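User: I am new to this structure and would like a close look at a single part of it. Please start from one residue and its surroundings, and then connect that to the rest of the chain.

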Amino acid sequence: MKKVFILVPESAVIETIASPRYIFSGANQFLQANGKEALFNVSLVGSTKEVKFNNGMFSVQPDMLFDEANKADLIIIPPLFGDMKTAIAQNDTAIPWIVNHYKNGAEIASLCVGAFLLAATGLLNGKKCSTHWAYYDEFKENFPEVEIMDGSIITEESGIYSSGGANSYFNLLLYLLEKYTDRDTAILASKYFAIDIDRNSQAAFMMFKGQKDHNDEEIKKAQEYIEQNFQEKITVDDLAKMVAISRRSFERRFKQATDNTVIEYLQRVKVEAAKRSFESSRKNISEVMYDVGYSDSKAFRNVFKKIAGLTPIEYRNKYNKEGMAD
């Protein structure tokens, strides 16, 4: 039997405590229905006998406390809710427990922003990690030694797993299920629970709002100019002259402040504008392409798919039910 411990942290998203238990318990039933033995022994583990959520509206009673949970094969860390620093502080007793189990051979999986609690253990230092796209900047600020995998649904390194935003944690659970059982069981679970198996990017859900959480005023001025004039032909030299900085220094400072090159930033602004147009208008692909400043359909398609994870047609058909096929 594989011992799976689902952490019940303070300030957790309660649904993500129930879902892993449901899926792994369901997998046992699938295995038994196919003449195989149940594989997973699933337990909820917490620091207290009752953990309350939503100001006491809900509560969960863990099956065991930390000192009763021995020798795990897999520990699942659900996402936290609210202010991340406060939530981590509320769960400080879980940190040494997680570290100890990892050192004793357990694998660790964080769901969505559960990555914040996982990163607080130090186990992610020098490693790659996925988390919700909306929390990238905050995560990078708090854990600079961890490499965020931009857009990734699932990241695996050295027995540590992490997932992207919100419901993408289901994809990580299926990934783990397949790892511990087989492909057929994972496919059966994906069909039973109506989960899109093998989805590997959260790019289609990401909204680019511009990285302005920095103090470089000249770079902010350049960012604002790009966002207001992205339809025009903008060069790096023009932007550098506008803020009276040498091109080399401008490019260095822009990358440092925004974590994008100037060209990458301009592309992301254009693609975000195109996404909004696809969502809310009946314009065809060519019209939107010209609106955001592209004249080469192949270049537009390649850049859009690289950033959004879908082709322009796929994106429009997914998010605009009134969109007309080209």
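Analyst: In this predicted model, Ser19 is in contact with Tyr169 and Phe170, once its neighbours within four places in sequence are left aside. Ser19 itself belongs to helix α1, which covers residues 15-33. With a relative accessible area of 13%, Ser19 counts as buried, because that value falls under the 20% cut-off.

One of the two partners of Ser19, Tyr169, carries the number at which helix α6 begins, since α6 is made up of residues 169-180. Following α6 onwards leads to helix α7, residues 183-192, and the axes of these two helices come within 7 Å and cross at roughly 150°. The two helices are therefore roughly antiparallel to each other, and α6 passes α7 in a right-handed crossing. On the α6 side, the residues that take part in the contact are Leu174, Leu177 and Glu178, and they meet Arg183, Thr185, Ala186, Ala189 and Ser190 of α7. Sorted by class, this contact has 4 nonpolar, 2 polar and 2 charged residues.

A second residue that can be looked at in the same manner is Lys127, which lies in the loop between α4 (115-120) and β8 (128-129). Although Lys127 has a charged side chain by class, it is buried, with a relative accessible area of 17%. Not counting residues up to four places away in sequence, Lys127 touches Tyr102, Glu145, Val146, Glu147, Glu157, Ser158 and Ile160. As for Thr155, its C-alpha atom is 9.8 Å from that of Lys127 in space, while the two residues are 28 positions apart in sequence.

Turning to the chain as a whole, there are 14 helices and 11 strands, and the C-alpha atoms fill a box of roughly 65 × 45 × 40 Å when this is taken along the principal axes. Of the 326 residues in the chain, 48% are buried, and both Ser19 and Lys127 belong to that buried share. Among the contacts with a separation of 6 or more, 62% are between residues that are 24 or more positions apart. The surface that the chain exposes comes to about 16400 Å², and carbon and sulfur atoms supply 47% of it.

Terms used:
Residues are numbered from 1 along each chain as its sequence is written. This is a predicted model: local features need pLDDT of at least 70, side-chain atom pairs count only at pLDDT 80 or more; totals for chains, interfaces and linings use all residues. Side-chain values use heavy atoms; hydrogens and water are left out. Axes are lines fitted to C-alpha atoms, for helices over the stretch in contact, and angles run from 0 to 180 degrees between N-to-C directions. Helices (H or I, at least four residues) and strands (E, at least two) are DSSP runs, numbered from the N terminus. Angles under 35 degrees count as roughly parallel, over 145 as roughly antiparallel, 65 to 115 as roughly perpendicular and the rest as oblique. A crossing is left-handed if the near helix is turned anticlockwise from the far one by less than a right angle, and right-handed if clockwise. Contact means heavy atoms within 4.5 Å. Buried means under 20% relative accessible area, exposed over 50%, partly exposed in between (1.4 Å probe, protein chains only). Accessible areas come from the Shrake-Rupley method with a 1.4 Å probe; for residues, only the protein chains shown count as cover.
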